[in-house]
Amino acid sequence: MSSKEKRPTVDYHPKPAKLDKEAYEKELERLQAELVEMQQWVTETGARVVIIMEGRDAAGKGSAIKRITQYLNPRRCRVEALPTPTSREKGQWYFQRYVEKLPTAGEIVIFDRSWYNRAGVERVMGFCTSEEYRRFLHQAPIFERLLVEDGIILLKYWFSVSDEEQYKRFKSRKNDPLRQWKLSPMDLESITRWEDYSRAKDSMFVHTDIAEAPWYTVESEDKKRSRINVISHILSKVPYYKVARQMPEIPERPESSNGYVRPPRANFRYVPDHASALEREKVAAKKKAKKATKKSAKKSK
């Protein structure tokens, strides 16, 4: 299909208006506080939570994960983004390396892409055989039913973004030195293979959208809106309740009883005070502006 040809009509959800920044920040803070309460419940009750984040490249999965985990205890919440399998892992049962990353009691694990790589990028790019692909579609529902049967709370999210919005985000990454690392040749394949990925996603949903572990689609044209929506949904699906915390008393610091004297500062190596240079620059800029104002006032006289 040439760049001038129009893509076949697709039943896209109308693009929502941008969420107001002030409303977004206020609600995000409230939801993040609830996530802290949820994690406390997970820790105290020994629950196990697995959250799968899938979707198009540049659909907003990473930024959503960042907001979810921002205030959570990292000792009890892990983000797993597995690299390309090693030669040893390629010789194992496909799900084996993911099993090793599942949570123990009191843990939350978020998969930034997951075993569904086989149904997406591996299928489209030819990294697995047709037999391996068919076996995955057969085994994935069985595997997930076993997880749920064993008591794991399993939530699966698909972040949906239009081809126009994805393209715009790719261009933004290319022009941003801080985010260029997020743009790879494999990501760009999703532009030329858009419809192949669409067919792969549709097939994946048909075979793996099961009652025990359904897929939930997150509309992600507006990242702020998608973050609020996915966090709110997670909180609605985890049956947590407020757990009373026993806050420790902070004792008064006792006076030194054995005459301890801190060694001289000269005995230690300190990191240079780079921040002080910023203060000097600020003062210099103010002086320069003041002089310019005085000079301008004299000329006007």
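Q: How much helix and how much strand does the chain have over residues 18-244?
A: In this predicted model, that stretch is 52% helix and 14% strand. Its end C-alpha atoms sit 37 Å apart.

Q: What does UniProt say about residues 18-244?
A: The annotation there, from an unreviewed entry, reads "domain: Polyphosphate kinase-2-related" and covers exactly those residues.

Q: How do I read the sheet, and in what order do the strands come?
A: Start with the general idea: strands of a sheet pair through backbone hydrogen bonds, either parallel or antiparallel. Here, five strands make an open sheet, ordered β2-β3-β1-β4-β5, with parallel pairing. β2 (77-80) and β5 (215-219) are the edge strands, each pairing on one side only. On average, neighbouring strands are turned by 20° against each other, direction ignored.

Q: How many bridges join β2 and β3?
A: Four, in the parallel sense, with β3 spanning residues 107-112. If you want a spot to look at, Arg 78 stands opposite Val 109 in β3.

Q: Which strands does helix α1 lie across?
A: α1 (residues 21-45) lies across β1 (48-55), β2, β3 and β4 (153-160). Against β3, α1 runs at about 120°.

Q: On to pockets: what is the volume of the largest pocket?
A: The idea first: rolling a probe the size of a water molecule over the atoms shows where empty space is left. In this model, the largest pocket comes out at about 1100 Å³. Its lining has 40 residues, and the closest to the centre are Asp 57, Asp 112, Arg 113, Asn 117 and Asp 187.

Q: Which element gives the largest share of that lining?
A: That's α9, with four residues. Elements supplying at least two residues each include β1, α2 (61-69) and α8 (185-192).

Q: How many lining residues are nonpolar, polar and charged?
A: The split is 17 nonpolar, nine polar and 14 charged.

Technical notes: Residues are numbered from 1 along each chain as its sequence is written. This is a predicted model: local features need pLDDT of at least 70, side-chain atom pairs count only at pLDDT 80 or more; totals for chains, interfaces and linings use all residues. Side-chain values use heavy atoms; hydrogens and water are left out. Two strands pair if DSSP finds at least two bridges between them. Axes are lines fitted to C-alpha atoms, for helices over the stretch in contact, and angles run from 0 to 180 degrees between N-to-C directions. Contact means heavy atoms within 4.5 Å. On a 1 Å grid over the protein atoms alone, a cavity is a set of points where a 1.4 Å probe fits but cannot get out, and a pocket is an open set with protein on both sides within 12 Å along at least five of seven lines; lining residues have an atom within 4 Å of a point. Grid points are joined across faces, edges and corners, and a volume is the space filled by probe spheres set on the points. Ala, Val, Leu, Ile, Met, Phe, Trp, Tyr, Cys and Pro count as nonpolar, Asp, Glu, Lys and Arg as charged, and the others, Gly among them, as polar. UniProt positions are given in the numbering used here, feature names are shortened, and annotations may be inferred rather than shown by experiment.
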